[in-house]
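Here are my notes on the two-chain model you passed along. Have the structure open while you read, since the points jump between chains.

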Amino acid sequence: MELAFVIEKFVLITAIFLLSLTVAAYSTLAERKIAGYLQDRVGPNRAGWGGMFQPLADGLKMFMKEEIIPTDSNRFLFIAGPSLALLTALLGSAVIPWGPDLVLGERTIPLQVADINVGILYIFGIVSLGVYGLMIGGWASNNKFSLMGAVRAASQSISYEIPMGLSLIALLLVTNTLSLREIVGQQHGGNWNILYQPLGFILFLVCSFAETNRTPFDLPECETELVGGYHTEYSGFKMGAFMFAEYVNMFVASAVMSTLYFGGYNYPGMDWVAGIVGPMIAPLIAMAVLLLKIFAFIFFFMWVRWTIPRFRYDQLMNLGWKVLIPLAIANIVITGIVITVYDKL
Amino acid sequence: MQPHKLQSLSTALMSISLFYLVAFLSIFFSLLVIFSKNPIHSVLYLIITFFTFTVHYILLNAQFLAIVNFIVYMGAIMVLFLFVLMLLNLDEDSEPMKSNILKMAGLVAGLCLLITLVGSMKSLHMSDPVILKNPDLGLVKNLGKVLFSEFLLPFEISSILLLTAMVGAVLLAKREPKTA
């Protein structure tokens, strides 16, 4: 292993880590601004120009608050819960290709931390792991509302993983590979997978709302029934870690959806642009395009949150098991038939 | 010794020491599963044990098995375990005292299992390392090809077995009381 390789990966990992945290921090501001816009009010505008420093002020507030650990709680697991939630949220960004190879003098640097050939399955595994933080935190609080939230989080995540996995299978039939890098490569220009898998994309989108615990699927923290759900007993920065994990999850889910269905860093006319600006600048433009797609998805997440009310719990389960799973299976069957017929022609 | 030979020797040494480290961790955490008093802690240790198994599979170059172990065992089955235990909310106070006969039965059964395992281990030839004909067999593409050509029948039979289990579970859950 050469030194340059290690440095390259280290810089890339640090950059992605900082990017995820910055985007998550400013998502909290964006959420409140968008909520304000949708409800015809101003939103936070006191800290800095247009509320620019609001995330910093919020972070400082979280640090300064008194940390309360309930007497009857399980101390170690109470701290482990939010840490695990943030850890699993950040792990997901490791396999996402952020741009085409960057050429710096003699070296070509792939803008992806790890190109493993089971990339999609890795993402799926990380998503299924994400619920542990909520469950452990909710149980360790030793509070019945927290426990209810934890149990809801577990059953919801298990239920919505199934249609999510099934919609990925239909996508795999189209792409024929599990490597995210190859999947993005196949969508060069405007040849995006959404054109071949429209139903699969909608299923995946609904499931990612459920897996990130966003409204209308935020039953685990439903404040009208459960006080605060799994984080009822949390205060200060541990509470902040749970909140941050949610926003990082949203960022990673948006990146995955852009990569799988919306061409990742590809955009129509990218070869023409690359011919003009050269191989140094073109990857940066492609990366900016990916970030734009991600921000569009994050906006969509927020738009839905402030538009649609929360589901009732039985409605949530009925939607998952009786609507999404049959649709996902039908999608696989249709995709399989179309591919077979197309190959025979 | 040539430098490249030295390098391959050092990577072999590294992978062996990595194996011993991970093996130690697996055994350590599986012991903790048995010895911890709180059932929730047992399940959490079991999750870490499964994670070390995933690392073992990666060391054996079986990527698909590793990731499936990760998704199915760590991501789904253990979540259900934890879910059920949280609903029951067992702890030391609420646990009913087991009778002595039950304890004796457990001891006898455990010892029988131990004797069987030791006996079967003794008959194995420990010095025979298993060498795969194709070291890349664990990669998704190769595994899929083998499963759908050479081992098609066992593969289909096991999928029917899983389907039967699923239908059975649905049937059990759907049985409604006749006197309604």
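The points below go from confidence and overall fold to the core, a few individual residues, and then the second chain.

1. **Confidence.** Keep in mind that this is a predicted model. Chain A averages a pLDDT of 84, and 99% of its residues score at least 70. Broken down by element, helix 8 (residues 198–211) of chain A comes out highest, with a mean of 89. At the other end, helix 9 (residues 223–226) of chain A has the lowest mean pLDDT, 74.

2. **Fold of chain A.** DSSP-wise, chain A holds twelve helices and two strands. In sequence order the pattern is α-α-α-β-β-α-α-α-α-α-α-α-α-α, so you can find the two strands right after the opening three helices.

3. **Dimensions.** How does the radius of gyration of chain A sit against that of a compact globule? It agrees: chain A has 21 Å, and a compact globule of 345 residues would be near 20 Å. The C-alpha trace spans about 65 × 50 × 45 Å along its principal axes. Of the 345 residues in chain A, 45% are buried. Looking at contacts between residues at least 6 apart in sequence, 79% join residues at least 24 apart.

4. **The nonpolar core.** The largest nonpolar core has 106 residues. Which of them touch the most other members? Those are Met135(A), Ala150(A), Ala154(A), Val248(A) and Phe251(A). Helix 10 (residues 236–261) of chain A is the top contributor to this core, giving 14 residues. As background, nonpolar side chains in soluble globular proteins tend to be buried together.

5. **Met135(A).** This one deserves a click. Leaving aside neighbours within four places in sequence, Met135(A) is in contact with Ala150(A), Ala153(A) and Ala154(A), and also with Leu82(B) from the other chain. Ala150(A) and Ala154(A) are on the list of best-connected core members too.

6. **Helix 1 of chain A.** Residues 3–38 form helix 1, which has 36 residues. From first C-alpha to last it reaches 51 Å, close to the 52 Å expected at 1.5 Å a residue. The buried positions in this helix are Ser20(A), Val23(A), Ala24(A), Ser27(A) and Leu29(A). An α-helix has 3.6 residues a turn, so residues three or four places apart point the same way. What do the buried residues of helix 1 pack against? Their partners are helix 2 (54–64), helix 3 (75–91), helix 10 and helix 11 (270–305) of chain A.

7. **Positive phi values.** Three residues to check on a Ramachandran plot. Just after helix 1 of chain A, Asp40(A) takes a positive phi of about 60 degrees. Asn142(A) also has a positive phi of about 60 degrees, although it is not a glycine; Asn142(A) lies in the loop between helix 5 (131–140) and helix 6 (144–175) of chain A. Asn176(A), likewise not a glycine, has a phi near 65 degrees, and belongs to the loop between helix 6 and helix 7 (180–186) of chain A. Are these two asparagines buried or exposed? Asn142(A) counts as partly exposed because 16 other C-beta atoms lie within 10 Å, while Asn176(A) is exposed, with 11.

8. **Val103(A).** Val103(A) sits in strand 1 (residues 99–104) of chain A. With 14 other C-beta atoms within 10 Å, Val103(A) is partly exposed. Not counting residues up to four places away in sequence, Val103(A) touches Thr108(A), Pro279(A) and Met280(A). Met64(A) is 39 residues away from Val103(A) along the chain, and their C-alpha atoms are separated by 45 Å.

9. **The A/B interface.** Here 17 residues of chain B are in contact with 18 residues of chain A. On the chain B side, helix 3 (residues 63–88) of chain B gives the most, with 14 residues. What kinds of residue make up that side? They divide into 15 nonpolar, two polar and no charged.

10. **Chain B itself.** Chain B has six helices and zero strands, running α-α-α-α-α-α from the N terminus. Buried residues make up 12% of its 180 residues. Among contacts in chain B with a separation of 6 or more, 56% are between residues 24 or more positions apart.

How values were computed:
Residues are numbered from 1 along each chain as its sequence is written. Chains are lettered from A and ligands numbered from 1 in the order in which they are written. This is a predicted model: local features need pLDDT of at least 70, side-chain atom pairs count only at pLDDT 80 or more; totals for chains, interfaces and linings use all residues. pLDDT is the predictor's confidence in each residue, from 0 to 100. Helices (H or I, at least four residues) and strands (E, at least two) are DSSP runs, numbered from the N terminus. Two residues are in contact if their C-beta atoms, placed from the backbone, lie within 7 Å. Ala, Val, Leu, Ile, Met, Phe, Trp, Tyr, Cys and Pro count as nonpolar, Asp, Glu, Lys and Arg as charged, and the others, Gly among them, as polar. The radius of gyration is taken over C-alpha atoms; the globule rule is 2.2 Å times the number of residues to the power 0.38. A residue is buried if 20 or more other C-beta atoms lie within 10 Å of its own, exposed if 12 or fewer, and partly exposed in between; C-beta atoms are placed from the backbone. A nonpolar core is a set of buried Ala, Val, Leu, Ile, Met, Phe, Trp, Tyr and Cys residues joined through C-beta atoms within 7 Å. The expected span of a helix is 1.5 Å times one less than its number of residues.
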